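Here is a short, friendly tour of some strand pairings, written for someone who would rather look at a model than wade through tables. Please have the viewer open as you read.

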Amino acid sequence: MSKLTGVQPTKKYLMINGEKVEANRYTSLYSPYSGEEIAQIAMASKEQTEQAIEAAYESRQLMAKMPAFKRAEILEKVVSLLTEKADEAAEIITRESSKPIMFSKAEVARTIETYKFSAEEAKRIHGETIPFDAASGGVGRIGYTLREPIGVIGAITPFNFPMNLVAHKVGPAIAAGNTVVLKPASQTPLSALFIAELFEEAGLPPGVLNVVTGPGSVVGEEIVRNDLVSMVTFTGSPEVGIGIRNRAGLKKTTLELGSNSALIIDKDAEVDRIIDRCIMGAFSNQGQVCISLQRIYAHEDLYEEFTEKFTRAAKQLKVGDPLEPDTYISSLISKGEADRVLGWIEETKSSSAEITAGGSLRNGVLEPTIITNAEHDLKVSCQEAFAPVVVVNKFNSIEKAIEQVNNSRFGLQAGIYTNNVKHALYASQELHVGGVIINDVPTYRVDQMPYGGVKESGTGREGIKYAIEEMTEMKLIVWNNN
């Protein structure tokens with residue numbers, strides 16, 4: 001029996017202009033693992049979404065004029081409050097998403113770091129001086145640039161990291177002096193509402209952070225189309241992201257749209273030293289990670305050894321209740337997602353591919369699944385699985401391996417294990433991705449690094465400093481001293 005049993009459903013309101021606001025309609029939120037009701041969630045109307053946007057718009061001047069040290073103090077206070085309530089925050093994540101508690105605790109720790117980085121970067125926003133006398137027409141003039149907040153930011157966040165990906169949008173937005181209308185994923189609104197309450201306790205003025213729960217067709221659509229919103233930052237599927245960009249008009253957009261990330265294992269890699277990292281890369285958070293390790297290309301000299309040891313390790317992972325401290329794999333975010341992935345796995349059975357681990361449900365949880373010799377046109381290879389599924393194929397030259405990695409509509413991050421410096425440099429130059437991770441899996445991320453992709457993996461960059469650049473506008477000041 002799940003440890004979630006017995007949790008009483010709570011009623012959650014909208015957060016608009018610093019107040020809890022009732023909605024005309026509520027919907028039940030259920031645990032993906034146990035199926036029990038855990039909350040009643042407000043479904044905002046178009047009018048209430050407009051009210052939230054108007055509140056953010058009215059607060060934008062107040063926020064823009066707030067000194068950097070004050071913005072940093074508020075963010076530091078959030079860091080302190082979240083540190084005190086870290087266990088509560090982790091349980092909220094697990095209850096609403098069925099992320100195993102070990103990974104929820106890690107997410108909270110990263111969220112604390114993300115807000116800490118935001119507080120630090122709030123004090124580092126600056127422009128530069130321009131050497132006007134480098135041009136004959138610039139003699140007698142001096143100039144410099146400023147970075148000013150862009151205004152109202154519409155933030156639309158996914159379910160897979162419901163607290164830290166909110167932090168990656170809200171943290172830099174507040175640091176830069178912007179206001180925010182946040183639409184969290186429908187399955188994971190509790191984390192966002194929890195953080196909004198911490199910001200209120202930390203002294204953030206009313207109207208600066210508004211949380212509007214409800215369907216994307218209503219809330220998300222209004223955020224994207226409303227002229228008072230200056231920027232939309234979105235993490236989710238390419239299909240939705242492309243639609244946002246098409247409808248956003250002249251709004252700035254940052255889009256992080258996922259991938260089917262790949263890893264190259266060169267012939268000189270030490271297999272025993274990389275198995276644990278490959279397990280983490282492929283199966284942490286049920287593979288519901290934008291940079292989850294989905295494709296592995298192992299050199300033919302060590303392919304058999306790697307596949308055997310990787311398969312053995314995957315079969316030892318504990319599957320089950322996400323609140324058990326040693327559970328590694330729990331439920332996908334919905335039954336529909338599980339059915340989709342099972343269909344993709346079924347497709348491989350009519351090909352030359354072989355399933356060496358998993359491939360089925362165990363008490364409603366998809367087992368960690370390894371598929372070898374998978375053809376490129378199989379869905380598990382060429383699309384984003386977003387599940388605990390990884391394919392392992394062999395290669396005989398580094399050029400061929402890179403060609404296979406690049407044969408994808410995505411390009412977020414890729415990894416290579418090698419002791420050959422030439423191969424590492426060659427991969428760095430030739431891999432068409434936003435980030436190349438040498439001697440680690442592509443699932444590596446720390447929260448201050450630039451993060452984003454090419455092709456259908458999106459546009460723009462996250463990572464606090466880089467997100468602030470996206471969330472501010474440059475202004476040029478020129479003085480004529482003639």
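What follows is a briefing on two groups of strands in this predicted model.

**The open sheet around E7**

- Strands E6, E7 and E23 form an open sheet of three strands, in that order, and their pairing is antiparallel.
- The edges of this sheet are E6 and E23, each of which pairs on one side only.
- On one side of the sheet, E6 (residues 129-130) meets E7 (residues 141-149) through two bridges, in the antiparallel sense.
- To find this contact in the viewer, start from Thr 129, which stands opposite Tyr 144 of E7.
- Ile 130, in turn, stands opposite Gly 143 of E7.
- E7 is also joined to E23 (residues 472-480), by nine bridges, with the two strands running antiparallel.
- Gly 143 turns up again here, as its bridge partner in E23 is Val 478.

**E19 and its parallel partners**

- Strand E19 covers residues 389-395 and is mostly covered, with six of its seven residues buried.
- Five bridges link E19 with E14 (residues 295-299), and this pairing is parallel.
- A handy marker for the E14 pairing is Ala 298, whose bridge partner in E19 is Lys 394.
- E19 also pairs with E18 (residues 369-372), again in the parallel sense, over four bridges.
- For the E18 pairing, look for Thr 372, which has Val 392 of E19 as its bridge partner.

Terms used. Residues are numbered from 1 along each chain as its sequence is written. This is a predicted model: local features need pLDDT of at least 70, side-chain atom pairs count only at pLDDT 80 or more; totals for chains, interfaces and linings use all residues. Side-chain values use heavy atoms; hydrogens and water are left out. Two strands pair if DSSP finds at least two bridges between them. Buried means under 20% relative accessible area, exposed over 50%, partly exposed in between (1.4 Å probe, protein chains only).
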